[in-house]
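Reader: Please take a close look at the charged side chains in this structure, and at what surrounds them. I would like one connected account rather than a list.

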Amino acid sequence: METPALTGFVGQRRLDHALVIGAGLLAFWAGYFGAAVAFFGGTAALAPGTEVAGARRWAGVVGAMACWGWFSLAFVLAKGGPVLNATLYPVLTAGLAPIVGRWLVFGPAPGELRTGLLDFSLSPLVDALLILLFGGSFFVTLLTLWASALGEEERVEWERTNLPDEFYDEFVEE
């Protein structure tokens, strides 16, 4: 059963969604590894077993902002889906990309997952909350700036042109 909230923009194909997600993943990695290089002296700060205080956490925040920044641009360009770009795609990307990226760069570290799941630490929860807070806030800020730059007629025209009828009727129409 398909709900209007999980539909794509008008004319979107599965390949379009895959390209949007892939670009979001690359944006996350650029922010994640770029932050490690810029703020922590290199990607080695993210390696399994390293004890660089806060490196993974803050690299994750920068990666999340890059990721949500990409998904806000995709939203403006009407690529992907209105709710998918705001929630599902960036949350899954920001949640999985750090582990996958570290495994691609440093090799698999299964002990990292085992430790993360069994040590009952609040650290992963704090990391997730920071990623959601900074990334989501950045997304909302960018879309607010974009929407405020549009006039009322331009905004309505964008909505009517790019949002599927079911989505528009359910969530936008007044």
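**Salt bridges and their surroundings**

Author: The side chains of Asp 16 and Arg 13 are joined by a salt bridge, with N and O 3.0 Å apart. The model is a predicted one. Asp 16 has a relative accessibility of 15%, which is under the 20% cut-off, so Asp 16 counts as buried. This bridge is one of four salt bridges that a search of the whole structure finds.

Two others share an arginine. Arg 155 forms a salt bridge with Glu 152, where the closest N and O atoms are 2.4 Å apart. Arg 155 also forms a salt bridge with Glu 159, with 2.5 Å between the closest N and O atoms. Glu 152, Arg 155 and Glu 159 are thereby linked in a network of salt bridges.

The spacing along the helix goes with this arrangement. Glu 152 and Arg 155 both lie in helix α6, which covers residues 152–162, and they are three residues apart, about one turn of the helix. Glu 159 and Arg 155 are four residues apart in helix α6, so about one helical turn separates them as well.

The members of the network differ in how much of them is accessible. Glu 152 is exposed, because its relative accessible area of 52% is over the 50% cut-off. Glu 159, at 11% relative accessibility, falls under 20% and therefore counts as buried. Arg 155, with a relative accessible area of 24%, lies between those cut-offs and is therefore partly exposed.

Charge is also found away from these bridges. Asp 165, Glu 166, Asp 169 and Glu 170 form a negative surface patch. Glu 170 belongs to helix α7, residues 165–172. With a relative accessible area of 53%, Glu 170 is exposed, and so it passes the 30% threshold set for a patch residue. Glu 152 is exposed too, with 52%, but it forms a salt bridge with Arg 155; a patch residue must have no salt bridge, so Glu 152 cannot be part of one.

Back at the start of the chain, Arg 14 lies in helix α1, residues 14–40. Arg 14 counts as exposed, at 78% relative accessibility. Its C-alpha is 8.9 Å from that of Gly 80, although the two residues are 66 apart in sequence.

Gly 80 also takes part in a polar contact with Gln 12. Gln 12 is found in the segment before α1 and is buried, with a relative accessible area of 18%. A polar atom of its side chain lies 3.0 Å from the backbone nitrogen of Gly 80. The side chain of Gln 12 also reaches the backbone oxygen of Ala 78, at 3.2 Å.

Ala 78 sits in the loop between α2 (55–76) and α3 (82–106). Its phi is near 60°, a positive value in a residue other than glycine. At 7% relative accessibility, Ala 78 counts as buried.

Helix α3 leads on to a surface of another kind. A nonpolar patch is formed by Leu 88, Leu 92, Leu 96, Val 100, Leu 104, Val 105 and Phe 106, with about 630 Å² of accessible area together. Leu 92 is found in helix α3. Its relative accessible area is 47%, so it is partly exposed, and this value is over the 30% that a patch requires.

Ala 86 is likewise found in helix α3, and at 24% relative accessibility it counts as partly exposed. The C-alpha atoms of Ala 86 and Phe 139 are separated by 7.3 Å, while the residues are 53 apart along the chain.

The setting for these details is a chain with seven helices and zero strands. Of its 174 residues, 36% are buried. The buried residues include Asp 16 and Glu 159, each of which forms a salt bridge: Asp 16 with Arg 13, and Glu 159 with Arg 155.

Terms used
Residues are numbered from 1 along each chain as its sequence is written. This is a predicted model: local features need pLDDT of at least 70, side-chain atom pairs count only at pLDDT 80 or more; totals for chains, interfaces and linings use all residues. Side-chain values use heavy atoms; hydrogens and water are left out. Patches are made of residues with over 30% relative accessible area and no salt bridge: like charges are joined within 9 Å, nonpolar side chains (Val, Leu, Ile, Met, Phe, Trp, Tyr) within 5 Å. Accessible areas come from the Shrake-Rupley method with a 1.4 Å probe; for residues, only the protein chains shown count as cover. Lys and Arg count as positive and Asp and Glu as negative; His and the chain ends are not counted. The place of a charge is taken as NZ of Lys, CZ of Arg, CG of Asp or CD of Glu. Helices (H or I, at least four residues) and strands (E, at least two) are DSSP runs, numbered from the N terminus. Buried means under 20% relative accessible area, exposed over 50%, partly exposed in between (1.4 Å probe, protein chains only). A polar contact is a pair of N or O atoms within 3.5 Å; within protein, one must be able to donate a hydrogen and the other to accept it, and residues adjacent in sequence count only if both atoms are side-chain atoms.
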